[in-house]
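Good morning, colleagues. I would ask you to look at the sequence and the model on the screen, and I shall then go through several of its features in turn.

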Amino acid sequence: MSLWKGCAYLVFVLVASSGSLVGHPETADAQTSRPDGAEADLKNAVEEILRQHPNLILRALEHDPVVLADLVERGAELRKAKVEEAQWQAELANPKVPRVAENRPIRGERQAPVTIVEYSDFECPYCRAVAPTLQEILSEYGESVRLVYKHNPLSFHATAEPAARYFEAIALQSEEQAWRFHDMVFQQQRNLSRGVEVLREIAADLEIDHGRMRRDLESDQVTQRIAADRAEASQFGFDGTPAFVINGVSLIGNHPKRDFDRIIKKILPETQAMVR
């Protein structure tokens, strides 16, 4: 049974249970001659019945557990969205404030009004999975959104920190090549089990000064940047990856694009109004 048919069945059972149709046949005849009015009347009747007798919902849905499961799932989604909305509103009022240095590699327009800061791990499968979503967001919002990639390599991913070092060492020469490295590492993530050798192979295809890159890999500048990223992620309570801060609002995990959209669309009208 489809969800629509199940809901129609639920409406009938509830109204019938209350006696609205069974006890008043003349009302049923009148509603049959006015389909538009009948639908509104039936809806109002059902809503009133549910307010007075909420237990009737379970009694009716016992006839179709599939519909019940669908409604429970939808209810869980709505509850989760309500909790998230409350959290986002609180964080908009008291935002998290990541530090974004001027020389940080940035994807998108550097002066964009919306900044997505990602705390990531090159070996994390969820970070790889969310990467196309971020690309889609950057493409759709154009000059309105920028992405800052920060590092939170997890201890059980042996190649994650070396990959972070490569990204930052390459970025000291070329942001473009650093982002190219970023994309290639995620594309070849399954090969990272072979260790640092895979990173060397990927970097070999980049248009950079490889001697300088090797020197920068162990530089204090790279070491301090990764340490600062980790400390900031810890400060914000992020103990897994990926985690995001969008103009002060946190989003944790591999979320679908619609969740990013919900936050960005809350922010954009405010930032655009400030610009005007």
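**A buried methionine, a central strand and two cysteines**

Met-213 is buried, with a relative accessible area of 4%. Please bear in mind that what we are viewing is a predicted model. The residue belongs to helix α10, which spans residues 210-217. Which residues does Met-213 touch, if those up to four places away in sequence are not counted? They are Tyr-166, Ala-169, Ile-170, Gln-173, Ala-203 and Ile-208. In addition, the C-alpha atom of Met-213 is separated by 9.8 Å from that of Arg-165, although the two residues are 48 residues apart along the chain.

Let me place this in the setting of the whole chain. Its secondary structure comprises 12 helices and five strands. Of its 276 residues, 43% are buried. Among contacts with a separation of 6 or more, 77% are between residues 24 or more positions apart. The chain exposes about 15,300 Å², and 53% of that area is supplied by carbon and sulfur atoms.

I turn now to strand β3, residues 145-151. Seven of its seven residues are buried, so the strand is largely enclosed by the rest of the structure. In a regular strand, side chains alternate between the two faces of the sheet. Here, Val-145, Leu-147, Tyr-149 and His-151 point one way, whereas Arg-146, Val-148 and Lys-150 point the other way.

How does β3 pair with β1, and over how many bridges? Strand β1, residues 106-108, pairs with β3 in the antiparallel sense, over three bridges. Strand β2, residues 114-120, runs parallel to β3 and is joined to it by seven bridges. Arg-146 appears in both pairings: it is the bridge partner of Gly-108 and also of Thr-115. Together with helix α6, residues 125-141, strands β2 and β3 make a right-handed β-α-β unit.

Finally, I come to the cysteines. A search of the whole structure finds zero disulfides. Cys-124 is in no disulfide, and its nearest cysteine sulfur is that of Cys-127, 3.4 Å away. Why is there no bond between Cys-127 and Cys-124? At 3.4 Å, the two sulfurs are too far apart for a bond, because a disulfide is counted only when the sulfur atoms are within 2.5 Å. Both cysteines are buried: Cys-124 has a relative accessible area of 2%, and Cys-127 has one of 1%.

Thank you for your attention.

Terms used
Residues numbered from 1 in each chain as written. Predicted model: local features only at pLDDT ≥ 70, side-chain atom pairs only at ≥ 80, totals over all residues. Heavy atoms only, no water. Buried < 20%, exposed > 50% of the residue type's maximum accessible area, 1.4 Å probe, protein only. Helix = DSSP H or I, 4+ residues; strand = E, 2+ residues; numbered from the N terminus. Pairing = 2+ DSSP bridges. Right-handed = clockwise from strand over helix to strand, strands pointing away. Contact = heavy atoms within 4.5 Å. Areas by Shrake-Rupley, 256 points an atom, 1.4 Å probe, with all protein chains shown as cover.
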